[in-house]
Each structure stands twice: as structure tokens, then as C-alpha cells.
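User: I am new to this structure. Can you show me how to read it, feature by feature?

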Amino acid sequence: MVVGFRTSITTAAAAASANANAAVSTAAIKSALIPTRLLRPCNSSRSYIHLFTVSCGSKLYPVKAMADADTVSIPMADSQASGSGRKQALISLSDKKDLAFLGNGLQELGYTIVSTGGTASALENAGVSVTKVEQLTGFPEMLDGRVKTLHPNIHGGILARRDQKHHVEALIKHGIGSTPTGTFDVVVVNLYPFYDKVSSAGGIAFEDGIENIDIGGPAMIRAAAKNHSDVLVVVDSKDYPELLGFLQRNQDDQQFRRKLAAKAFQHVASYDSAVSEWLRKQTVGDDFPCSLTVPLSLKCSLRYGENPHQKAAFYVDKSLSEVNGGGIATAIQHHGKEMSYNNYLDADAAWNCVCEFNKPTCVIVKHTNPCGVASRDDIIEAYKLSVKADPVSAFGGIVAFNIEVDEDLAKEIREFRSPTDGETRMFYEIVVAPKYSKKGLEILRGKSKTLRILEASKNKKGKLSLRQVGGGWLAQDSDDLTPEDIEFKLVSVKTPQENELSDAKFAWLCVKHVKSNAIVIAKENCMLGMGSGQPNRLESLRIALRKAGDEVKGAALASDAFFPFAWKDAVEEACESGIGVIAEPGGSIRDGDAVDCCNKYGVSLLFTNVRHFRH
């Protein structure tokens, strides 16, 4: 086989000697050699002589590389330091953002660019010289575009290790590439927009979805990422400037290469996850698959985690099920300090709670628990009642509304004084709502430089709920039940009045969002008090009663789970306090005691048969 090469002197060669005839390793030479043309091997003999011609400046020098040779001798010229050799970059993009910038940058650095169909045309239109893939493979694009780059001339050039003699010899033996070694030094690929296609508003036919599954792209990305010590792989246009800067510096940084490779494998994994999820949704009865991948995309780094000594970041779930799914992760921040780890948790709790209600509602949350909830036709009244429920806890909390914050409401949020003293202006970490009027947003921005103002969309129902435990994840359906979905079964003698039943449903909806053991007391669509997170239900009841105060008379009480005891316990204490109606799941072996106790005190008792544990 007779071949011709052109290359610049490598760092290894330069370091070896500054003399006219420097001895450098064969591996170093081969790693730098970029072929210019290929002559088919002549099989007149079983013996092969590998004859390399190395360009030093403008001169060509023959170099005989024997299989057992450790070094070769190369005459050096001053011009070699300028890096006159050429390397190859393979570019195949669906998203051609900043392609001209990349192509011109690589061309200026002396790279020969190999490309596919539309990408090649776009590069040529940008004035970049391109070698088309079919010139290397000898095959046209076929099968409606399914086969373009799936060829040894491409994958051999990506996967060949430059430090392995037998890899380079194999390329030469099999005539891979447009040049003797046929290797690629840079691979830039992004994939068919499968995610965007299958998640589009208009939907997509199953057959079209199948055709948008990329095969050649992931294969090239994975190949380049595997061989990252020799091949730089890029899947994100944001990395183009850093790539060009790295190549300009002409340095070998394995950490940079590994970072790009890791990102590439993650890119393909996320892509495959979307395909798997989409196909799974085309089947029946597979709610909990045997294997589950959740693709997460970094939204931002956080100052710290739950506590200052913990590092933290926030990721957005890119599962197809989350497309247009709403929630705090996709909220728009209009104003204020950057969100913290705890801000996200609290804002999520407040937003999930307020979105449960159909009437205009305000919810105030502290440490993920709602401390004030009120529904009114007048949203300003609802806001004031929510603060009044627990003004001490509300201070420094998160305020959420399920309707637009207009000018009047914004003024009230800005100026409202704490009911505890009538003087202290209420302070909040976050205000979250589905929308803001122009004037309302302007007024809220004037309340505080730090106030975070979020605009969010309602969470879609039917999502999979995931929670981490040590070494694993728990998965369950989201708790989407509303009072309209269940029956409030009367089990006592006393029948609740219409307003009492309404209050019971309101309290039941509130208790759903309170940490167990949870008790909520409410009247006239307003939370009066709640007890949360206590190891026993009796203590939660006492906290709720204390917060409700004298307003407890005739109020409704909701419990997230059944009462294990009634007499001289929570049920009797609730009845003695003046509670008018109790709503609880039932299911205790002592349910009869609860019924008898309520009948004794003339209290209505409703069983929902639905538990609302929240841990």
C-alpha cells in the first residue's frame, strides 16, 4: 500500500528535539498524521510496506514505518511550529444554530470538514469548504435518510485509537476514509428533534414519530465519546466557542475531553429516554415499567441547599409527561433575588395547594405547610383572612393566588400591616400567581428589591410522583382527588347543614397539603387553624384548636387519617371544643366509638374513605 500524508509537527516531536533530524515516537507521528489521498493497495505480494510522507513546511520526506520500529527520524523546519497540518472534523446537525460560526472557525484552524446533506449545504452557503460523507463511504444516502453515516469509513475513522499501531494499520489495510488513516479529530452532532416533534401541540402520527428516531446520530456521538482521548465530541452549540478556543490553544486537556464526552453520553441517554417513554405510552397497562429513566436538565446552580453547608442545584424534568405540565419548575421569575433550595420547596407547596381551589383563593405557606387559606369572591378579602389565620407564621412566608394579581391586590400585598400589631408591614419571600397585570407587577416590584415574583401555570393532573430514599426511589400516582371525586358519607345521627358540608369539603382539601399527622379547622371557606407534623393526632388537634381560638364554634374539622381513639382522645376533645362537623377517612377498628362520641355531643361525622397522608 502506498499512501501520502501531510501533517504539522506535533508537540511531542517539538519537545523531542529542535535539531534538523529529531527522533520521535511512531505513536506521536501517527497521532498527528492526517491523510490527503488514498491509493488502493496492490496485492501483488503478501508483504506490505507502509510508506508515510511527512510534510515539514513545504517539503515532503519519506518515512519508512516498520511494525517493530519504535522511532522514526524526521527532518524539521522552522515553519513546523506554525501547525500547518490538517485535521478532520465531522459535522452532522439537525439544529444548525451557529453552524457558520463553527464551520468558519474550524476552517480557519486548518480543519478539513466532512458533513452530511443539509448540514453540508448550509456550510457551503456560509462559504465553508466541505467534503460530503458519500465521498468517503462511496454510497449515497439511502432508505429515506435512514442510512447516511452507518459505514466503516465513518465509524472506523472515529473509533480508531491513534496510539495503537494495529488500529492505524487496519484503517490503511481496509482503505478507510478519504485518506490513509481516515481519522476524525472532532465530531459535532445533534439529533433529530424527536422530543419537539412528539410533544408538539398538534401531536404526531405514530409512523412519523418512528421516522424521527435518530439512529446514525447517536451512533456517531457514542463512538466519538468512547474515543474521546482522540476525538472531541460536541452536542451543544453553546460549546462551540469553548471548542474553538481549546483547538486554538493546541493543548491536550483530558479533563476537557472527558467533560464533553460525559455530556455527549448524557445527551444520548436523555434522547433515548424520550423515545422509550413515548413508545411506552403507546402501550397499555405499563404504569410502572421495569426500568425507568428520568431526564433532568440543569436549570441553575443554587447558592446552597437546605442548609448553607450543603451544595445544591435545580434541575428541570424533561420527561415527555412534563411537557406543558405546569408547576414551579417552569415558572417565570419577574423580579427579586435568585431562588433558593427552600424557596423552590415552599413555592411548590403553596402553588400546588392554591391550584386545588376553584374560587378565588389565597394560600400562605411556611416550611411547606399552609398556615393560611381562604376562598372568597373578593380576592383581597381572601388575602387578609389568610394572613389573619396565623400572622406570625405568615411573616416571611410564600403567598400564592389562583387568579391574576391586579393593581388593587398588589397595593394590598405591598401595604398590608400584620394583624398582631397593626403596624408591621408584612414581609414575604415569594409571591406566585398565574398572571399579573402590568400595573400590579410594577407595584409589587416596588415592595422590595428581594421579593421574588413568580408567574406559574397550573400543574397537570395524572403525573407520576417520585421521591428519593437512600439507594432508591419511590414512585406513585399523584394525589389528585378533589371533594367532587369522593363521597362524604354521613355516619352520625346529626346531618350537617349545607354550609357545614361546604366547610368540611374545604377543610378536607386543605388538610391534603398539611404534613401528617394533620388536622385542619375551617369555617366559611377559611382556614382557622391547623396542626401538622406531630407524632400523634391528638397533639395536632390541640395545636389546631389553639390557633382557631373562639372561632372554633360550629367549624368543620378534617383529619388526614382516621382517629385510632375517640373517648378521652381527639374526637371527644374536638366535640367538647364546639366543632360542628368532622370529616375523616374512617377505617379504624374503633370507628364505632367515634360515631357514638359524635352522637353524644350532637356533632356530624362524615367518612370519606380517602386518606391523605403526607410525609
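Analyst: What follows takes confidence, a pocket, the core, a helix and a loop in turn. Keep in mind that this is a predicted model.

User: Start with confidence. What is the mean pLDDT of the protein?

Analyst: pLDDT is the predictor's confidence in each residue. Here the mean is 82. A value of 70 or more is reached by 85% of the residues. Over residues 1–85, though, the pLDDT is below 50. That stretch has 155 contacts in the model beyond near neighbours in sequence.

User: Now pockets. How much space lies in the second largest pocket?

Analyst: About 1300 Å³. Look next at what lines the pocket. There are 27 lining residues, and the closest to the centre are Asp236, His267, Ser270, Ser297 and Lys318.

User: Which elements give two or more residues to that lining?

Analyst: Two helices and two strands: α8 (194–198), α12 (254–281), β12 (296–302) and β13 (312–317). The largest share comes from α12, with six residues. By type, the lining holds 13 nonpolar, seven polar and seven charged residues.

User: How do I read a nonpolar core?

Analyst: In soluble globular proteins, nonpolar side chains tend to be buried together. The largest nonpolar core in this model has 45 residues. Ile328, Leu454 and Val520 touch the most other members.

User: What is Leu454 in contact with, leaving aside neighbours within four places in sequence?

Analyst: The contacts of Leu454 include Ile328, Ala331 and Ile332. Also among them are Met339, Ala347, Tyr436 and the run Ile430, Val431, Val432 and Ala433. Gln333 is on the list too.

User: Next, a helix. Why is α20 described as largely enclosed by the rest of the structure?

Analyst: Count its buried residues. Buried means under 20% relative accessible area. Helix α20 spans residues 570–577, and six of its eight residues are buried, so the helix is largely enclosed by the rest of the structure. The buried ones are Ala570, Val571, Glu572, Ala574, Cys575 and Ser577.

User: What do those buried residues pack against?

Analyst: Four elements: α19 (537–548), β25 (556–559), β26 (581–584) and α21 (591–601). Check the residue just after α20 as well. Gly578 takes a positive phi there, of about 110°.

User: Last, a loop residue. Is Ala201 buried or exposed?

Analyst: Compare its relative accessible area with the cut-off. Exposed means over 50%. Ala201 has 90%, so Ala201 is exposed. Its place is in the loop between α8 and α9 (206–211).

User: How far is Ala201 from Asn324?

Analyst: Distance along the chain and distance in space are separate readings. Ala201 and Asn324 are 123 residues apart along the chain. Their C-alpha atoms are separated by 9.3 Å.

Methods. Residues are numbered from 1 along each chain as its sequence is written. This is a predicted model: local features need pLDDT of at least 70, side-chain atom pairs count only at pLDDT 80 or more; totals for chains, interfaces and linings use all residues. Side-chain values use heavy atoms; hydrogens and water are left out. pLDDT is the predictor's confidence in each residue, from 0 to 100. Contact means heavy atoms within 4.5 Å. On a 1 Å grid over the protein atoms alone, a cavity is a set of points where a 1.4 Å probe fits but cannot get out, and a pocket is an open set with protein on both sides within 12 Å along at least five of seven lines; lining residues have an atom within 4 Å of a point. Grid points are joined across faces, edges and corners, and a volume is the space filled by probe spheres set on the points. Ala, Val, Leu, Ile, Met, Phe, Trp, Tyr, Cys and Pro count as nonpolar, Asp, Glu, Lys and Arg as charged, and the others, Gly among them, as polar. A nonpolar core is a set of buried Ala, Val, Leu, Ile, Met, Phe, Trp, Tyr and Cys residues joined through side-chain atoms within 4.5 Å. Buried means under 20% relative accessible area, exposed over 50%, partly exposed in between (1.4 Å probe, protein chains only).
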